[in-house]
Amino acid sequence: MTMANAVRVERFGPPDAMAMRTVELAAPAAGEVLLRQTAIGVNFIDVYQRSGAYPMALPFTPGNEGTGIVEAIGPGVTSVLVGDRVAYAAPGGGAYADRRIVGANWLVRLPAAVDYRTAAAVMLKGLTAEMLLHRVFPVRAGQTVLVHAAAGAVGLLLCQWASAIGAHVIGTVGSAEKARIAAANGCSVAINYREDDFVARVKEATAGEGVDVVYDSVGKDVFPASLDCLKPFGMWVLFGQSSGAPPPLEMQLLNRKGCLFATRPTVFTYVGKRDALDTAVANVFGALAAGTIRVAINQTFPLAEAAAAHRALEARSTTGATVLLP
């Protein structure tokens, strides 16, 4: 048996529902790997799972992305070796720990030029940005996109990558400082939604036409206003709900507001097959190497202070990525 220090959620609730525990890990089974973790990415999906918004079987360890060193492999694992530097984005939680068991099918070897913290901050977020820009709504040069939470971890990647493609990027943010950050990362129009009517500002910035796509990780607070920002046949892409879930969508509303499209993608479905994962990871690491995207790790917390990381995330006081360090 291997012992691990892990954050456990034993009841759904606020950040203080998380507590450090010592847990036993069995030897990796067929297709599994024992990983000594070096960095762990923090994402809003962790908040949703901890609070019960996304149901999980109790008790559980939150977290869906991280990096580490392979310490042991189970029967049949040939894709990685003991001692390999690896990263992963994997569903089902389990990342908030100094050691964990993870399926080898989710692991990717780290390029020598990518450090552990950067990889932990970009695996899930980078795969999400890649999915949104290249698969859900493939953005082309000359199109206009609206990115909510443009100074957040995924938001910054979207602004950088969409701008590099040649799109016109409009973003919403919650403060003047976040507007400055978004503008420095490819967002040509940064709207402080706390001070301005973002629909009116979007229409002004697009000469009344609206945008081709809205990338929305906020949800309730910007719905249905997000639909009013779209041009006819535009697409609303809901990939998160930091302000809460929007109300059920009345399909006729899409008709009334311009024959719109709407989708709720999940990254683990898009990269659920190994060839799709390999292609998406290659795109993300390629964009990193080319400087197309840059990872801003603006907050780090010790693993034992995961609750503080969640409080900061929920208060919307963070910018860029947040990483836990075992």
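**Close-up views of a predicted model**

**View 1. Helix α1 and the residue that follows it.** Gly52, placed just after α1, adopts a positive phi of about 95°. The structure shown here and in every other view is a predicted model. Within α1, the buried residues are Asp46, Val47, Tyr48, Gln49 and Arg50. The cover over these buried residues of α1 includes three strands, β1 (2–9), β2 (18–25) and β3 (32–42), together with the helix α10 (306–314).

**View 2. The open sheet and its strand order.** Six strands form an open sheet in the order β10-β9-β8-β11-β12-β13, and their pairing is parallel. The edges are held by β10 and β13 (261–263); each has a single partner strand, so one side of each is left without a neighbour in the sheet. From one strand to the next, the twist averages 15°. In general, the strands of a sheet pair through backbone hydrogen bonds, in either a parallel or an antiparallel manner.

**View 3. Pairing of β8 with β9.** Strand β8 (residues 144–147) runs parallel to β9, and four bridges join the two. Val145 stands opposite Val169, a residue of β9.

**View 4. Pairing from β11 through β12 to β13.** Which residues serve as bridge partners of Val237 on its two sides? On one side, Val237 of β12 is the bridge partner of Tyr215. On the other, the bridge partner of Val237 is Thr263 in β13. Strands β11 and β12 run parallel and are joined by five bridges. The pairing of β12 with β13 is likewise in the parallel sense and extends over three bridges.

**View 5. Helices packed against the sheet.** Helix α5 (residues 198–205) lies across four strands, namely β8, β9, β10 and β11. The direction of α5 is at about 160° to β10. Strands β8 and β9, both crossed by α5, are the parallel pair linked by four bridges. Helix α2 (residues 116–136) also packs on the sheet, where it touches β11 (211–216), β12 (230–238) and β13. The direction of α2 makes about 145° with that of β12.

**View 6. Helix α4 and its buried side.** Which residues of helix α4 (residues 176–183) are buried? They are Lys178, Ala179, Ile181 and Ala182. These residues lie on the same side of α4, because they cover an arc of only 160° around the axis. Among the elements that cover the buried residues of α4 are α3 (153–165), β9 (168–173) and β10 (189–192).

**View 7. Two partly exposed residues of α4.** Glu177 lies in helix α4 and is partly exposed, with a relative accessible area of 42%. Arg180 is found in helix α4 as well; Arg180 is partly exposed, with a relative accessible area of 49%. Along the chain, Arg180 and Ala190 are 10 residues apart, and their C-alpha atoms are separated by 7.8 Å. Glu177 and Val323 are 146 residues apart in sequence, with a C-alpha to C-alpha separation of 21 Å in space.

**View 8. The largest pocket.** The volume of the largest pocket is about 890 Å³. Its lining consists of 44 residues, of which Phe44, Tyr48, Val154, Ser217 and Phe239 are the closest to its centre. Two or more residues of the lining are given by each of α1 (44–51), α2, α3, β9, α8 (267–270) and β15 (321–325). Which element supplies the largest share of the lining of the largest pocket? That share, four residues, comes from α2. Tyr48, among the residues closest to the centre of the pocket, is also one of the buried residues of α1.

**View 9. The internal cavity.** One cavity of 30 Å³ or more is present in the structure. The largest cavity encloses about 50 Å³ of space. Its lining is made by Ala121, Lys125, Ala153, Leu156, Leu157, Arg294, Val295, Ala296, Gly320 and Ala321. The elements contributing two or more residues to this lining are α2 and α3. The largest share, three residues, comes from α3. Helices α2 and α3 also each give two or more residues to the lining of the largest pocket.

Technical notes. Residues numbered from 1 in each chain as written. Predicted model: local features only at pLDDT ≥ 70, side-chain atom pairs only at ≥ 80, totals over all residues. Heavy atoms only, no water. Buried < 20%, exposed > 50% of the residue type's maximum accessible area, 1.4 Å probe, protein only. Arc of directions from axis to C-beta. Contact = heavy atoms within 4.5 Å. Pairing = 2+ DSSP bridges. Axes fitted to C-alpha atoms, helices over the stretch in contact; angles between N-to-C directions. 1 Å grid on protein atoms, 1.4 Å probe; cavity = no way out; pocket = protein on both sides within 12 Å on 5 of 7 lines; lining within 4 Å. Points joined across faces, edges and corners; volume = space filled by probe spheres on them.
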